[in-house]
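Could you walk me through this model in the viewer, one selection at a time? I would like to begin with the ligand and then move on to the way the helices pack.

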Amino acid sequence: MQWGKTVPESRPGVYVIAVVGQAGAGCEIAADYLPPAIRKRWLSNQPIVYIGCTTRPLAVRISEFYGHVYGMPSPHRGGQDVLLLTCDRRVYWAVAEDPAGAEEAMIGAFLTEARHLPFANKKRSKSASKLTKGHYAHMNIKKVGVLGCGLMGSGIAQVAATAGFDVTVLEQEQKFLDKGFAGIEKSLTRLVERGPEKGGLTPAQKTEAQSHLKGTLNMQDLADCDIVIEAIIENVAEKRKTYAQLDAIVKKDAIFASNTSSISITELMTATKRPERFIGLHFFNPVPMMKLVEVVKTIATAPEVYDTAVEFGARLGKVPLRTSDKTGFIVNRLLVPYLLDAIRAYEEGVGSITDIDEAMKLGCGYPMGPFTLLDFVGLDTTYYITHVMYDEFKERRFASPPLLRRLVLAGWYGRKSGKGFYDYADPNKPVPGEFV
Ligand SMILES: NC(=O)c1ccc[n+]([C@@H]2O[C@H](COP(=O)([O-])OP(=O)(O)OC[C@H]3O[C@@H](n4cnc5c(N)ncnc54)[C@H](O)[C@@H]3O)[C@@H](O)[C@H]2O)c1
């Protein structure tokens, strides 16, 4: 390991940039630091891996600046790894001679070296005081746990495995695991058919992704996960019970994330003893296709956990947007009243199911109409969401229309159960129902 305060003019290999210290400020400095000649020669032709904590706009800025996607799973692709550290307007770099152990070695060396940095002096800044081994541990997500292998859990597991993480998915019964894994197989096959040039995968990437995936019925198998993402039924009591059990099993510095669409993250968080390491990661259906992930912080979430979650979202190939713990977050706050209004419009005879769907496609350019989307999301899930949102806001626009309740009572949950607003006996030719 070599250390220096001036980045050398030329170094071959793979570069790892870690920005530590003040979130944001460090990143600005890193982006501004490298002289153009070095930037060009070093970075335009080399993979670059950004690790560190920062705000998303700055993380994007630094990755765009260097012309590479930040957050590749592994920096160890051979050659020499260089670590660039910025802190308190100083930049430190290191070269690890052993690429295999580079990241560990760098972090270890940095923690030693950090004693000499300004923030390690008596007047420690707030952010610097968080620079402990634990601080780094959460930033180094390797193993991902997923709770539930339904629509969302299977999708989340798939994208995490495709991004190179080891993923363990927990289910209640083997048949649900089998169903979820069959869905993953189908989705990966479609991505291979599409091919890498159109954003799909190669057959080798599919095999690689599957090698990272494991299903289990035993919660103990999640004990060593770095992050656990919950995607079980949208029910507060069930989620809280599950988190309470999990809290005693999963290692203390792991992050807990919920994919809930509407339940307060704060309410879920209080079922555990790790409030500062609890966040929302709200993915969209179908997860492998939809680019957005809402990253939700509570009043208790530690800033570095929030940043790590944002970065993790990006490493999954998603666009993470930050939001706070207000029921429905950004998308459902706006989407759910719209979907419920479509049902009310249908109940009032404004139009047929297909006409309302077509109207919103042709008139607004939406990719699918509200009833197709409702069936896709799951009517049971939507119904649960209405309860939570109505309870929070006490506004009629969030209340469930009677027809939604009838369909759920009948067990017609939409596409996943074969029947909802449409009948999916032939999945390629859904037939609209007549309910009024
Ligand atoms: N469906 C959507 O479009 C969508 C979008 C974003 C977020 N969400 C949220 O994601 C979560 C899951 O939704 P979904 O649509 O995937 O539901 P789903 O019904 O398809 O899947 C839920 C799965 O969780 C399993 N499960 C239930 N309790 C469990 C437990 N204690 N341990 C392990 N597994 C358990 C069930 O067996 C089922 O397979 C909900 O919180 C929902 O609000 C859904």
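## Around the ligand

Start by selecting α6 (151–162), α9 (236–249) and β11 (278–283): each of these supplies at least two residues of the shell around the ligand. Keep in mind as you go that this is a predicted model. Of the elements in the shell, α6 gives the most, with three residues.

Now show the whole shell, in which 28 residues surround the ligand. Label the closest ones, Gly148, Gly150, Met152, Ser261 and Asn285. If you colour the shell by class, you will find 12 nonpolar, 12 polar and four charged residues.

Next, colour by domain. Where does the ligand lie relative to domain 2 (143–324) and domain 3 (331–432)? Both domains give residues to the shell, so the ligand lies between them.

## α12 and α14

Leave the ligand and select helix α12 (residues 331–347) together with helix α14 (residues 370–377). Their axes are 9 Å apart, and the two helices pack at an angle of about 115°, in a left-handed crossing. Turn on the side chains of Tyr338, Leu339 and Ala342 in α12, which meet Pro370, Phe371, Leu373 and Leu374 in α14. Which classes of residue make up the contact of α12 with α14? There are seven nonpolar residues, no polar and no charged.

## α12 and α15

Keep α12 on screen and add helix α15 (residues 379–393). Here α12 and α15 pack at about 115°, with 11 Å between their axes. The two helices are therefore roughly perpendicular to each other, and their crossing is left-handed. On the α12 side, pick Asn332, Val336, Leu339 and Leu340; they meet Thr382, Ile385, Thr386 and Met389 of α15. By class, this contact of α12 with α15 divides into five nonpolar and three polar residues, with no charged ones.

## α15 and α16

For the last stop, hide α12 and bring in helix α16 (residues 402–409) beside α15. The angle between α15 and α16 is about 130° and their axes are 9 Å apart, which means that α15 is oblique to α16. Their crossing is left-handed. Select Leu379, Asp380, Thr382 and Tyr383 of α15, then Leu404, Arg405, Leu407 and Val408 of α16, to see the residues that make the contact. Coloured by class, the contact of α15 with α16 shows five nonpolar, one polar and two charged residues.

How values were computed
Residues numbered from 1 in each chain as written. Predicted model: local features only at pLDDT ≥ 70, side-chain atom pairs only at ≥ 80, totals over all residues. Near = placed C-beta within 6 Å. Helix = DSSP H or I, 4+ residues; strand = E, 2+ residues; numbered from the N terminus. Nonpolar A, V, L, I, M, F, W, Y, C, P; charged D, E, K, R; others polar. Domains from an automatic or database assignment. Axes fitted to C-alpha atoms, helices over the stretch in contact; angles between N-to-C directions. Parallel < 35°, antiparallel > 145°, perpendicular 65-115°, else oblique. Left-handed = near helix turned anticlockwise from the far one by under 90°. Contact = placed C-beta atoms within 7 Å.
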